[in-house]
Amino acid sequence: MPAIRFDSIKLDKLLKEEYSRYIGQALEDCAGLNDLNRYAGEFETEFSRYLRAKFCVVLDSGTSSLQLALLASGIGKNDAVIIPAISHPATAWAVESLGAKVIFADISQSDLTIDPDKIEAAMRKDVKAIIAVHLYGMVCDMASINRIAKRHRLKVIEDACHSLGSTLNGRKTGTLGDCGIFSFAYFKTLSSIKGSGGCLVSQNTAYKSNTGKILASKYRNNVEFKDPSFLDIMILLKKIKFMAKIEESKINIQNNYFGLLRKAAGLTLLKPLTGSRPMLMLYPLLAKNRDLLNKRLATSGVLCAPAYKPLYYMFGESKPDKRSFPVAERYFREALFLPAFPFMKSDEVSYIAGVIGKALRP
Ligand SMILES: Cc1ncc(COP(=O)(O)O)c(C=O)c1O
């Protein structure tokens with residue numbers, strides 16, 4: 001079996017003829033900058049249609065989309081934002097880059113997303129927003145999070161960078177809070193080739209006018225908001241047409257992994273929130289001997305993504321007491337991420353499950 005790793009380039013290779021025809025025709029039709037910029041508008045329309053969102057604005061990264069979401073939510077110096085103890089560092093960095101403080105809440109054991117009970121426990125007077133990260137595509141308990149936010153008059157920003165296509169009661173993540181953000185980086189379900197691009201979506205027209213005002217000045221609170229590149233947009237416009245096929249393929253991969261691994265002793269599979277349909281970026285699970293499994297998988301040609309370091313080691317006002325984050329600590333010790341890229345073959349999934357089964361055998 002050749003090496004198996006998360007590889008967006010495979011999908012780009014499949015689509016290369018389509019890309020070159022499409023980009024060639026667009027260049028033929030364009031007379032100048034305004035024509036080129038038209039495609040960003042087309043992508044915003046397509047992306048909104050896919051999510052059933054009322055509004056979308058595309059930028060050059062998920063990080064700047066998150067900065068825009070925070071500014072458009074009125075977050076600034078001396079405000080605090082509750083975020084999960086585990087996420088990509090950009091989630092915390094975006095908050096601190098605006099002079100606001102991050103407050104961490106532990107994640108839940110069943111699905112690794114922010115635990116609503118821990119949000120309540122972390123509440124303070126200066127908190128103005130919660131960032132709900134749909135980690136790896138698992139869906140946060142949005143009903144509880146929105147209820148807490150309403151009680152404390154907070155904004156809810158969904159960091160949906162990992163969860164394009166995940167749904168809760170039929171509605172797509174990114175459209176379940178006040179606003180949502182996405183990244184089109186290399187490992188994401190919808191990625192541009194080099195991996196730049198991101199966007200903000202909202203169902204709320206106030207966000208349309210707030211983001212419009214912020215972007216009109218381009219530079220705001222030390223942030224420079226950049227447009228995405230023409231080539232990235234063209235790739236994304238082509239690829240988004242394949243989302244139904246990507247979803248179908250991902251659901252098959254997830255079901256295959258679940259069927260093959262659910263009885264394996266020593267593994268804890270995640271339990272999706274009732275009513276949710278996760279569209280996983282990677283297939284996450286917990287394993288007591290995670291390091292051994294990672295080694296065995298690597299020597300068998302399967303390259304798995306590493307776990308995120310808990311954010312409280314790198315961000316925040318004070319030195320953390322890691323005893324306050326038992327689930328994040330368990331995640332850091334035990335989380336294993338199996339490849340789950342679009343159009344991965346079922347024999348690749350079986351091969352990976354076989355390597356794990358063999359390694360776990362006493
Ligand atoms: C959860 C999460 N939030 C934010 C980001 C930042 O996105 P970008 O790399 O496009 O700036 C990422 C990127 O991987 C991410 O995984």
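Which residue of β15 does L267 stand opposite? In this predicted model, the partner turns out to be A287. That pairing belongs to the match between β13 and β15, the latter covering residues 283–287, where the two strands run in the antiparallel sense and are held in register over 3 bridges.

Zooming out a little, β13 and β15 are part of an open sheet of 3 strands, which reads β13-β15-β17 in order and pairs in antiparallel fashion. What about the ends of the sheet? β13 (267–269) and β17 (335–338) sit at the edges, and each has a single partner strand, so one side of each goes without a neighbour in the sheet. Going from one strand to the next, the twist averages 35°. As a bit of background, strands of a sheet pair through backbone hydrogen bonds, and they can do so either parallel or antiparallel.

On the scale of the whole chain, the domain assignment splits things into domain 1 (9–240) and domain 2 (243–360). Taken over C-alpha atoms, the centres of domain 1 and domain 2 are 23 Å apart. The contact between them draws on 37 residues from domain 1 and 32 residues from domain 2. Looking at the domain 1 side that touches domain 2, the elements that each chip in at least two residues are α1 (8–14), α5 (89–97), β4 (101–105) and β7 (167–168). And what is that side of domain 1 made of, by class? It has 17 nonpolar residues, along with 13 polar and 7 charged ones.

Conventions
Residues are numbered from 1 along each chain as its sequence is written. This is a predicted model: local features need pLDDT of at least 70, side-chain atom pairs count only at pLDDT 80 or more; totals for chains, interfaces and linings use all residues. Two strands pair if DSSP finds at least two bridges between them. Helices (H or I, at least four residues) and strands (E, at least two) are DSSP runs, numbered from the N terminus. Axes are lines fitted to C-alpha atoms, for helices over the stretch in contact, and angles run from 0 to 180 degrees between N-to-C directions. Domain bounds come from an automatic or database domain assignment. Two residues are in contact if their C-beta atoms, placed from the backbone, lie within 7 Å. Ala, Val, Leu, Ile, Met, Phe, Trp, Tyr, Cys and Pro count as nonpolar, Asp, Glu, Lys and Arg as charged, and the others, Gly among them, as polar.
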